[in-house]
Amino acid sequence: MAGPGTVTAVDEFRPDGPNLVVGAENLEFLPSLPDGAFTLVYLDPPFNTGRTQRRQQLSMVRAAAEESDRVGFGGQSYKTIKGALASYDDAFADYWEFLEPRLREAWRLLADDGTLYLHLDYREVHYAKVMLDAIFGRECFLNEIIWAYDFGGRSKRRWPSKHDTILVYVKDPDGYWFDSEEVDREPYMAPGLVTPEKVARGKLPTDVWWHTIVSPTGKEKTGYPTQKPLGLLKRMVAASTRRDDWVLDFFAGSGTLGAAAAALQRRFVLVDQNPEALEVMRRRLAEHL
Ligand SMILES: C[S@@+](CC[C@H](N)C(=O)[O-])C[C@H]1O[C@@H](n2cnc3c(N)ncnc32)[C@H](O)[C@@H]1O
């Protein structure tokens, strides 16, 4: 395994090899992974880190944008939106250009029956939806999952924001894997209105997931500041992969996707450039590496 800040050797990922935690800048590392190797890609990118990346990626993004207008949208609409965005908000334009080549890699790395879960907050999600429609094609959009939680202060000047959005895209709308039988079920809101059998079984979750944040005092907490709840990730992995499938997170942080995969007997590749994240992941996943 590579040390912090280094790229794992190109041949280290093998479909019959071990789980991997990789210390690398993701766009540098991803080309070493083979096309179609992953049944699920989960991404929880940091908000607005694109500024420093902009110049080096600009030409690559321009070339890619030509192609995306053909794949996802007719005419000029995708380029037009990008242009308009760039003209009024530099930070957003930079972020867009940071994300786009990485989302293209996510598309390439997904298996034909694979699914992308892109986890964002309400400020970015609408732009990302337009981008993913262009990269995957609108017909590959499966869901917009709302993760609703209740924590922290409440603004009195607007509706307090208490949700994240997870965009779900599949590589092939006619051939993706989704097994609702494997998903954990929820209690009925009005159990008195359904049969005792139904109450005992619970109901299938919808696209609105109520789930607490990682408790600051609970045993799930790793200390990594942006850690996401294991329950959310297990639900995605259970529905969209089979036992022994490979899953990938290249903004891995504390490695929550790896923990979910290990709990459900799936295999994982986790990438992060922050040495602190690598330390947390190696500790958290030691018995699975
Ligand atoms: C929001 S956190 C992910 C948290 C994760 N979902 C969890 O449950 O812990 C985003 C992560 O992306 C990493 N990151 C940001 N830019 C990166 C890049 N270009 N290459 C690799 N990792 C990157 C950061 O170090 C950070 O750990």
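Here is a short chat about helix H8, its partner H7 and the ligand shell in this predicted model.

The model is predicted, so local features need pLDDT of at least 70 and side-chain atom pairs count only at pLDDT 80 or more, while totals for chains, interfaces and linings use all residues. Residues are numbered from 1 along each chain as its sequence is written.

Visitor: Are H7 and H8 parallel or oblique to each other?
Guide: The axes of H7 (residues 230-240) and H8 (residues 256-263) come within 9 Å and cross at roughly 55°. Angles under 35 degrees count as roughly parallel, over 145 as roughly antiparallel, 65 to 115 as roughly perpendicular and the rest as oblique. H7 and H8 are therefore oblique.

Visitor: How many residues of the contact of H7 with H8 are nonpolar?
Guide: Contact here takes C-beta atoms, placed from the backbone, within 7 Å. H7 brings Leu 230, Leu 233, Lys 234 and Val 237, and among the H8 residues are Thr 256 and Leu 257. Ala, Val, Leu, Ile, Met, Phe, Trp, Tyr, Cys and Pro count as nonpolar, Asp, Glu, Lys and Arg as charged, and the others, Gly among them, as polar. The split is 1 charged, 1 polar and 8 nonpolar.

Visitor: How many of the residues of H8 are buried?
Guide: Buried means 20 or more other C-beta atoms, placed from the backbone, within 10 Å of a residue's own. Thr 256, Leu 257 and Gly 258 are among those that pass, and the cover includes H7 and strand E8 (267-272). For H8, the count is 6 of 8.

Conventions: Axes fitted to C-alpha atoms, helices over the stretch in contact; angles between N-to-C directions. Helix = DSSP H or I, 4+ residues; strand = E, 2+ residues; numbered from the N terminus. Contact = placed C-beta atoms within 7 Å. Buried ≥ 20, exposed ≤ 12 C-beta atoms within 10 Å, placed from the backbone.
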